[in-house]
Amino acid sequence: MTIDTRNPATGEQLESYAELTEGEIETKLAKAADRYADWRQSDYKTRTDLLASIADAFESRSEELGRQITLEMGKTFASAKAEAEKCATAFRFYAENGPALLEDQPWERADGKVYTRYLPMGPVLAVMPWNFPLWQAVRFLAPTIMAGNVGLLKHASVTMGCAELMDQVLRDAGAPEGLFQNLVIKSDAVAAIVEDDRIVAATLTGSEGAGSAVAETAGKCLKKMVLELGGSDPFIVMPSADISDAAEKAVKARIQNTGQSCICGKRMIVHADVYDAFMDKFRAGMKAVTWGDPFDENTDMGPLSSFDQRDTVLDQIEKVRQTDATVEFGGEAMGDDGAFMDAGIISGMTTDNPLMEEELFGPVAMVFKAKDADDAIRIANASPYGLGSAVFTQDEDEQQRFANEIESGMTAFNQVLASMPEAPFGGIKRSGYGRELSAFGLHEFMNAKTVFAS
């Protein structure tokens, strides 16, 4: 059995990877357990030196890594290279801040000294998606290395080459054998690995269905999980906003990664007082978006990650046509060879539209008209998802209210939401639980051990 990768811009096959046999999986699990026995004893300098070396490697090989991303899942080469460079910032963040984040945390007590010590737990399995094939994996791996744990990666089939290259880059940067291993497996092999006693925890970024299935297995085994699942993020525009800036950033949010980003605005919720002004600019911006060869520096959007993914989005848009909402333009398959589609807008959306229950993972925006702030919050919270949100308002009181009342793990004001190593990342509701990055991501898979000193 093999896992084949294809170039979504051309449909051509890239590589064929042999799936691991049960014996080969066992060898990798044993190697992970053996490495953990050593790595958990490593001092912080050993870990931070390695993280710094990996950061340098991602920077120096960013073009090679970016090219692999573009070939396998179609994002523009400029954004793919930037993704590789962003990965370096995560490794460097933990190299520079990891020891301080792992310091014993003292607690006040009158009759003695009490503190929490953060200790590693063991091998962690990561199940990762294709939309940010390096960054998603690094969000798990960088803190894993700093914590003294070891990692195994089950990557999306369409980006198996990215996973293999990442494995090679880490080894070239000095990672000891078994510290990080890519598993060339399909989804049906994940449950048995989660159930293995040598795996202490798992993390998954991906679809709600995949997260639920892996979490069910982990729950039966009483193993901790972090889940970062789908999002249908609100992008709210209020009367005090800079409308030109909001419209420009709305276009950026919607077409980033050809619309395949969990945290970029998908539901544009616009106050009635500025609806027409915003929509005039937003329509013009979306109609100006170019699609085509992702290696062409003038291209705004490459193809979707696969023909299957494009067909999923096209099916969603076709269902919308059967509702009261209006597909104003776009959302059509484009080109003869690749998985391309053009940017589009769906207006007249209401909270009872069936698409509210789904994540629209393509370059098409859903637009809602809100009567006031109360209505905007109502529409924002009507989604079953709660990952990120963005609000454009200059009113400080409104900012505080939206920060408190929008049901999401993250809120950005007057900017497109983005992830960064310094800040925790994650959602609520059907968008998952737990946090990645920052101190939160470092501590998720550690034993926060309370020590009562004499």
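**View 1. Helix 3 against helix 6.** In this predicted model, the axes of helix 3 (residues 62-73) and helix 6 come within 9 Å and cross at roughly 165°. Because angles over 145 degrees count as roughly antiparallel, helix 3 and helix 6 are described as roughly antiparallel to each other. The crossing in which helix 3 passes helix 6 is right-handed. On the side of helix 3, the contact is made by Glu-64, Leu-65, Gln-68, Ile-69 and Glu-72, and these meet Met-160, Gly-161, Cys-162, Leu-165 and Val-169 of helix 6. Sorted by character, the residues of the contact of helix 3 with helix 6 comprise six nonpolar, two polar and two charged.

**View 2. Helix 2 against helix 6.** Helix 6 (residues 160-172) also packs with helix 2 (residues 44-60), here at an angle of about 125° and with the two axes 9 Å apart. Helix 2 and helix 6 are therefore oblique to each other, and helix 2 passes helix 6 in a crossing that is right-handed. The residues that meet are Ile-54, Ala-57 and Phe-58 in helix 2, and Met-166, Val-169 and Leu-170 in helix 6. The contact of helix 2 with helix 6 consists of six nonpolar residues, with no polar and no charged ones. Val-169 of helix 6, listed here in the contact with helix 2, is also listed in the contact with helix 3.

**View 3. The open sheet of three strands.** Three strands form an open sheet in the order 3-4-22, and their pairing is antiparallel. Strand 3 (105-107) and strand 22 (446-453) stand at the edges with a single partner strand each, so that one side of each is left without a neighbour in the sheet. From one strand to the next, the twist averages 25°. Within this sheet, strand 3 and strand 4 (residues 113-120) pair in the antiparallel sense over three bridges, and Trp-107 is found opposite Val-114 in strand 4.

**View 4. The open sheet of seven strands.** A further open sheet has seven strands, which follow the order 12-15-16-11-10-18-19 with mixed pairing. Its edge strands are strand 12 (326-329) and strand 19 (412-413), each of which pairs on one side only. Strand 19 pairs with strand 18 (residues 390-392) in the parallel sense, over two bridges, and in this pair Val-391 stands opposite Phe-413 of strand 19.

**View 5. Two residues with positive phi.** Asn-414, which lies in the loop between strand 19 and strand 20 (428-429), has a phi near 60°, a positive value in a residue other than glycine. Ser-438, whose place is in helix 14 (residues 438-443), likewise is not a glycine and has a positive phi, of about 55°.

**View 6. The chain as a whole.** As a setting for the close-up views, the chain has 14 helices and 22 strands. Its C-alpha atoms fill a box of roughly 65 × 60 × 40 Å, taken along the principal axes. For 454 residues, a compact globule would have a radius of gyration near 22 Å, and the 22 Å of the chain agrees with this.

Notes. Residues numbered from 1 in each chain as written. Predicted model: local features only at pLDDT ≥ 70, side-chain atom pairs only at ≥ 80, totals over all residues. Heavy atoms only, no water. Axes fitted to C-alpha atoms, helices over the stretch in contact; angles between N-to-C directions. Helix = DSSP H or I, 4+ residues; strand = E, 2+ residues; numbered from the N terminus. Parallel < 35°, antiparallel > 145°, perpendicular 65-115°, else oblique. Left-handed = near helix turned anticlockwise from the far one by under 90°. Contact = heavy atoms within 4.5 Å. Nonpolar A, V, L, I, M, F, W, Y, C, P; charged D, E, K, R; others polar. Pairing = 2+ DSSP bridges. Rg over C-alpha atoms; globule rule 2.2 N^0.38 Å.
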